[in-house]
Amino acid sequence: MNIKAKLVDKEGLDRILTRIAHEILEKNKGSKNLVLIGMRTRGEFLAKRLQQKIKDIDGVELPLGVLDVTLYRDDFRTRLKQPQVSVSDITFDINEKDVILVDDVLYTGRTVRSALNALMDFGRPSSIQLCILVDRGHRELPIRADYVGKNIPTSLNEEIKLKVEEYDGEDAIYLVEAEKK
Amino acid sequence: MPLSSRHLLGLQGVPKEDIQLILDTAITFREVLERPIKRVPTLQGKTIVNLFYESSTRTRISFELAEKRLSADAINFAVSTSSVNKGESLKDTVRNIEAMKVDMVVIRHAAAGTPLMLTKLCDANIINAGDGIHEHPTQALLDMYSIREKIGRLEGLKVCIVGDIAHSRVALSNIFGLKTMGAKVSVCGPSTMIPKYIQDLGVDVIYNIDEAIQENDVLNVLRIQLERKAREYFPSIREYIKYFGITSERLEKNKKDILILHPGPINRGVELSSDVADGPYQIILQQVTNGVAVRMAVLYLLGTLN
């Protein structure tokens, strides 16, 4: 990993999550009817932190699920590597709920597209709102986020790496040079 | 890490990593089967033919469900309604089916080695759904998945396969798979149904069912295949029941804690008494559910290989 810049540190990431937690509660007029779904891998941990933030503010612990979208991807035919699949873990009913879908980086929009398809197979939520920590541009599908941590316009030979303590051992957002495919 | 082969012909020689990958992937599909909509779009656009030259309910329906739940296009071929009746050879049938642009073929045939032959005839991924008395790999995989789900591991576990070992493809696939995964495998049955050189595969032979119950953590009880002339190998069914039938009295007398598997269909009152077949030790219906998940895993792993 060739780091070009550290864009956000631990405190910065925490401030972003605090703000987003408030925005979620503001937009939905409280936490009633909300559920959180994190996308594997890092979205899961970000969703967990939002759950804690919202609990601190509103006193309610929202249901939290984890979604693995590997089976819904559209790039099996073009990728060389076979992706590892893992289990989705949504133990509650999402019918008629307002789902907050949490992921780390929004790029082409294809992962979110597959997540939307996957969620529809779990039920019919009354709304799905997208929460993203970094929007790096270059969308290939008409998808936008409802809550954005940071807008970071990138070039195609750059990448955004978001790290979380629970998985990577540190909290940070880095701008790195794209690995050669 | 993809599978090391683009076909699943048997478990003989399949590396541990591949079996591990299939069993781990099946956990994902097991979760899909619990959803309200039990379908994922993973194999959209793939065409899979189920070529069943031998009768089958469980395996065929299980494969068909697995294919549909992965959104593949599944075509069923039953010999009774096909041109096989007009004298078409297997080779021609397969070539014709391939000309219709098929991606995968699931085959069951009474002749051992048929799946291997198909790999040389066409480009599709071939999955063996049972070839004669040779192998039935997906059955063994689902047996291993079910044991692992229930007990948590395969390594070091003592598993005994009971019944007609000589005419069982389930037994052979189980032996290869379980040995690879580090289990200690034995077989138990009438001496006429134990192949002479079975020890060469590294399995112990037990002739006494009580001993088999005492010594093992898991019994995989095979069906006495009356359609394969099983009756010629022992004097009477009554005698088989007396010496090898598994009853709850027998289980209680020898050991309380044991796991019983059966690949189905059961001859109730023969290899398993009815109260054992419905009792607390068995996981026969879980095996059937797991079978769909395991077959989805195999189809997914082979179907998404480039």
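In the predicted model, Val105(B) is in contact with Val49(B), Leu51(B), Leu118(B), Ala124(B) and Ile126(B), when residues up to four places away in sequence are left out of account. Val105(B) also belongs to the largest nonpolar core, a set of 137 residues in which Val105(B), together with Val102(A), Val162(B) and Ala297(B), ranks among the residues with the most contacts inside the core. The greatest contribution to this core comes from helix H11 of chain B, spanning residues 284-303, which supplies 10 residues. Both domain 1 (16-135 + 290-303) and domain 2 (137-287) of chain B are represented in the core, each with at least three residues.

Helix H11(B) is further involved in a packing arrangement with helix H5 of chain B (residues 137-151), the two axes coming within 8 Å and crossing at roughly 115°, with a right-handed sense of crossing. On the side of H5(B), the contact is formed by Thr138(B), Leu141(B), Leu142(B), Asp143(B), Tyr145(B), Ser146(B) and Glu149(B), which meet Gln286(B), Gln287(B), Asn290(B), Gly291(B), Val294(B), Arg295(B) and Val298(B) of H11(B). Classified by residue type, this contact of H5(B) with H11(B) comprises five nonpolar, six polar and three charged residues.

Between the chains, the contact involves 15 residues from chain B and 13 residues from chain A. The side of chain B that touches chain A is made up of seven nonpolar, five polar and three charged residues.

Technical notes. Residues are numbered from 1 along each chain as its sequence is written. Chains are lettered from A and ligands numbered from 1 in the order in which they are written. This is a predicted model: local features need pLDDT of at least 70, side-chain atom pairs count only at pLDDT 80 or more; totals for chains, interfaces and linings use all residues. A nonpolar core is a set of buried Ala, Val, Leu, Ile, Met, Phe, Trp, Tyr and Cys residues joined through C-beta atoms within 7 Å. A residue is buried if 20 or more other C-beta atoms lie within 10 Å of its own, exposed if 12 or fewer, and partly exposed in between; C-beta atoms are placed from the backbone. Helices (H or I, at least four residues) and strands (E, at least two) are DSSP runs, numbered from the N terminus. Domain bounds come from an automatic or database domain assignment. Two residues are in contact if their C-beta atoms, placed from the backbone, lie within 7 Å. Ala, Val, Leu, Ile, Met, Phe, Trp, Tyr, Cys and Pro count as nonpolar, Asp, Glu, Lys and Arg as charged, and the others, Gly among them, as polar. Axes are lines fitted to C-alpha atoms, for helices over the stretch in contact, and angles run from 0 to 180 degrees between N-to-C directions. A crossing is left-handed if the near helix is turned anticlockwise from the far one by less than a right angle, and right-handed if clockwise.
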